[in-house]
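Hi there,

Here is the structure I promised to pass on to you. Please have a look at it first, and then read on for my notes.

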Amino acid sequence: MRVVISAGGTGGHIYPALAIINKIKELEPDSEFIYIGTHNRMEKDIIPKEGIPFETIEIYGIYRKQIWKNGKTVACFLKALKKVKKIMKDFQPDIVIGVGGYVTAPVIYTAHKLKIKTFIHEQNSVPGASNLFLSRYVDLIGVSFPSSLKEFPQDKTIFTGNPCSEEAVKKLPMEKRTFGLSAHKKLVLVVMGSLGASKINEFLIATMHSFSGKNYEILFVTGKNDYEEISKKEFPSNVKVVPYIENMTRIMKRTDLMVSRAGASTLSEIIALRIPSILIPSPYVPNNHQYKNAMGLIESNACILLEEKNLDGNILTETIDQIIHDDQKLNEMKSNLKQMDIPNSATKIVTSIRELIDRK
């Protein structure tokens, strides 16, 4: 299988793309890839390290409030179309895959014009602008949430789940002692994204003193942007602070309760690993999609929801205390997460892509 794949901007797009690539490699080892990403976002650092041929285009999102800035956006889009067309004519892919982010727009659109089979995947419950635009041009669409099926053309949309879930299950667990944690105490993992979230980190820093003397431990992942400043502060001995954890799912497998944002890939891992969670959706994302992602778990009684606007005092500490000591509640959430799981999401996606390629 010859594959052009594109995704960019955030780990929520990039890591599902990598999960699809890894599954294709597993099922069809002779496959060849070209990854098309932006020149200045996360993928430019992540993808080359994976040994995947990487091409960049200069591309920007649409400015909805500052319309006068869109001249550069349009010019870059037209330039990107020319570069992508040359890449595809030289590489001759069997399939072109888009996994989210505005970088996918010229890639999928060009493939459509060249009559190459196309597939896009939507991770969030609320579709992104690029995927909504591309939905009229693609051959097949995969979605992570059943509620998203109605957002796309019914005749070419399938419920696949998020491919990161299958990757998460395969990872080996990490030993707690890696972070100076006890093997015998319950662990609460607090993480707000790979870059962190400054406003909520301020609240978390102020909260950490209230965990002093608790019979469980906290692993606080600050994000790289805020770690240097946060690391200068003093925390109780049962609170460990780190900037980032590579292969987060490995320590998630040792986690009893997770406090997290509600990004689609994180939720897919929480579901796949059946980790009870307290979700604090980011209110700063388009269409409030993290809140809507979280509602999928809330409606299944599979998590606890705290909104950032309601964070005050010791509400987080009190909520953690209530859940971490309630084994019945923890087991109930695990059971409900199991009911939501799509254990073979990446396999389902790759099988569907193969069927699409073989379709005449």
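**Helix crossings**

The crossing of α1 and α14 is right-handed (clockwise turn of the near helix from the far one by less than a right angle; anticlockwise would be left-handed). Before going on, please note that this is a predicted model, in which local features need pLDDT of at least 70 and side-chain atom pairs count only at pLDDT 80 or more, while totals for chains, interfaces and linings use all residues. Residues are numbered from 1 along each chain as its sequence is written, and side-chain values use heavy atoms, with hydrogens and water left out.

Helix α1 covers residues 11–27 and helix α14 residues 345–358; their axes come within 9 Å and cross at roughly 70 degrees. Axes here are lines fitted to C-alpha atoms, for helices over the stretch in contact, with angles from 0 to 180 degrees between N-to-C directions. Helices (H or I, at least four residues) and strands (E, at least two) are DSSP runs, numbered from the N terminus. The angle makes α1 roughly perpendicular to α14 (65 to 115 degrees; under 35 is roughly parallel, over 145 roughly antiparallel, and the rest oblique). On the α1 side, Ala19, Ile20, Lys23, Ile24 and Leu27 meet Ala346, Thr347, Ile349 and Val350 of α14, where contact means heavy atoms within 4.5 Å. By class, this contact has seven nonpolar, one polar and one charged residues (Ala, Val, Leu, Ile, Met, Phe, Trp, Tyr, Cys and Pro count as nonpolar, Asp, Glu, Lys and Arg as charged, and the others, Gly among them, as polar).

For α10 and α11, the axes come within 10 Å and cross at roughly 15 degrees, which makes α10 roughly parallel to α11. This crossing is right-handed too. Ala264, Leu267, Ile270 and Ile271 of α10 make the contact with Asn293, Ala294 and Leu297 of α11. Here the classes are six nonpolar, one polar and no charged residues.

**Cores**

Leu297 appears again in the largest nonpolar core, which has 28 residues; Leu189, Leu219, Ile245, Ile251 and Leu297 touch the most other members. A nonpolar core is a set of buried Ala, Val, Leu, Ile, Met, Phe, Trp, Tyr and Cys residues joined through side-chain atoms within 4.5 Å. Two or more residues each come from β8 (186–191), β9 (216–221), α9 (249–252), α10 (264–273) and α11 (289–298), and α10 gives the largest share, four residues. Beyond its neighbours within four places in sequence, Leu219 contacts several residues, including Phe179, Leu181, Leu189, Ile245 and Ile251. There is also a second, separate core of 26 residues, with Val188, Ile200, Leu204 and Val239 among them.

**Loops**

Which residue has a positive phi of about 60 degrees although it is not a glycine? That is Lys115, in the loop between α4 (104–113) and β5 (117–122). Lys115 counts as exposed, at 75% relative accessibility (exposed is over 50%, buried under 20% and partly exposed in between, with a 1.4 Å probe and protein chains only). Asn247 also has a positive phi, near 55 degrees; this residue sits in the loop between β10 (239–242) and α9 and is partly exposed at 36%. For context, most residues other than glycine have a negative phi.

Finally, Glu234 lies in the loop between α8 (224–230) and β10 and is exposed, at 79%. The C-alpha atoms of Glu234 and Leu297 are 35 Å apart, with the two positions 63 residues apart along the chain.

Best wishes
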